[in-house]
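Please explain how this chain is put together. Take the overall fold, then one helix, then the cysteines and the charged pairs.

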Amino acid sequence: LAIVGAGLGYLYFQKQTPLYRSSALLQVIHHNSDPRVENMMAQRNLSDAQYVLTSNKLLKDAILNHNLSELPTLRGMQSIDSKVQKLSGMVRASTNKSAPNILTISCEGPYAEDTKLIADACSDEFRNHQEENYKQAVDRLSDLLQRAQRELGDRLDKLELEYADFIRDTE
């Protein structure tokens, strides 16, 4: 009976599709002089990496901008949504506690070359999305600072007029 079980296990093992894994590494760099602050910022920025990595927007951009539809992994799938769903099950993001500013993006699938191309495409799009978010934040901050500068300038002008009136009235 043990020999029959071992034989069936061997046959099952032979029919298993091999899975390949490829990874891409991203380093998040903040322009701070204190490395402790840099690590804290990187940890905070990467805490939602898995969610961002498997988001529809990022995966659609990866498929469209890197021609992933041509890969055997996605060939034959008609809708972009089915391709996104397939990729969302294949890619993962993780960080290492000893290096919190390093993000590992990995892809696991039945085609070795596809996993490499998908991991690289997702890495590129993750970086692009982070840069886009950074630029939007800088633009918002710039707008806020300009608005505050205008408001303070208007307030200063008003106070200067009031002061001039006060000086004129006290003479």
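A residue counts as buried under 20% relative accessible area, as exposed over 50%, and as partly exposed in between. These terms are used throughout for the model shown, which is predicted.

The chain has six helices and three strands. From one end of the sequence to the other, these elements are arranged as α-β-α-α-α-α-β-β-α. Of the 171 residues in the chain, 25% are buried. The surface that the chain exposes amounts to about 12400 Å², and 54% of that area comes from carbon and sulfur atoms. Contacts can also be sorted by separation along the sequence. Among those between residues at least 6 apart, 65% join residues at least 24 apart.

Helix α5 shows how one element is set against others. The helix spans residues 80–88, and Lys-83, Val-84 and Leu-87 are buried there. These three residues lie on the same side of α5, because the arc they cover around the axis is only 100°. The general geometry of an α-helix is relevant here: with 3.6 residues a turn, residues three or four places apart point the same way. What do the buried residues of α5 pack against? Their partners are α4 (56–65), β2 (91–96) and α6 (112–170).

The cysteines come next. In general terms, a disulfide is a covalent bond that joins the sulfur atoms of two cysteines. How many disulfides does a search of the whole structure find? The search finds zero. For Cys-107, the closest cysteine sulfur is that of Cys-122, and the distance of 6.9 Å is too far for a bond. The cut-off for a disulfide is a sulfur pair within 2.5 Å. Seen from Cys-122, the closest cysteine sulfur is in Cys-107, so the 6.9 Å separation again rules out a bond. Cys-107 is buried, at 0% relative accessibility. Cys-122 is likewise buried, and its relative accessible area is 0%.

Charged side chains form another set of links, and the structure holds six salt bridges. The criterion is a side-chain nitrogen of Lys or Arg within 4 Å of a carboxyl oxygen of Asp or Glu. One of the six joins Lys-57 to Asp-61, with 3.5 Å between the closest N and O atoms. Lys-57 and Asp-61 are about one helical turn apart, because they are four residues apart in helix α4. Lys-57 is partly exposed, at 44% relative accessibility.

A salt bridge also connects the side chains of Lys-60 and Asp-81, at 3.7 Å from N to O. This pair links distant parts of the chain, since Lys-60 belongs to helix α4 and Asp-81 to helix α5, 21 residues apart. Lys-60 has a relative accessible area of 29% and is therefore partly exposed. Helix α4 thus takes part in the packing of the buried residues of α5, and a salt bridge ties Lys-60 of α4 to Asp-81 of α5.

Another salt bridge is found between Arg-168 and Asp-165, where the closest N and O atoms are 3.0 Å apart. Both residues lie in helix α6, three residues apart, or about one turn of the helix. Is Arg-168 buried or exposed? At 53% relative accessibility, Arg-168 is exposed. Asp-165, with a relative accessible area of 33%, is partly exposed, because that value falls between the two cut-offs.

Notes
Residues are numbered from 1 along each chain as its sequence is written. This is a predicted model: local features need pLDDT of at least 70, side-chain atom pairs count only at pLDDT 80 or more; totals for chains, interfaces and linings use all residues. Side-chain values use heavy atoms; hydrogens and water are left out. Buried means under 20% relative accessible area, exposed over 50%, partly exposed in between (1.4 Å probe, protein chains only). Helices (H or I, at least four residues) and strands (E, at least two) are DSSP runs, numbered from the N terminus. The arc is that of the directions from the helix axis to the C-beta atoms. Contact means heavy atoms within 4.5 Å. Accessible areas come from the Shrake-Rupley method with a 1.4 Å probe; for residues, only the protein chains shown count as cover.
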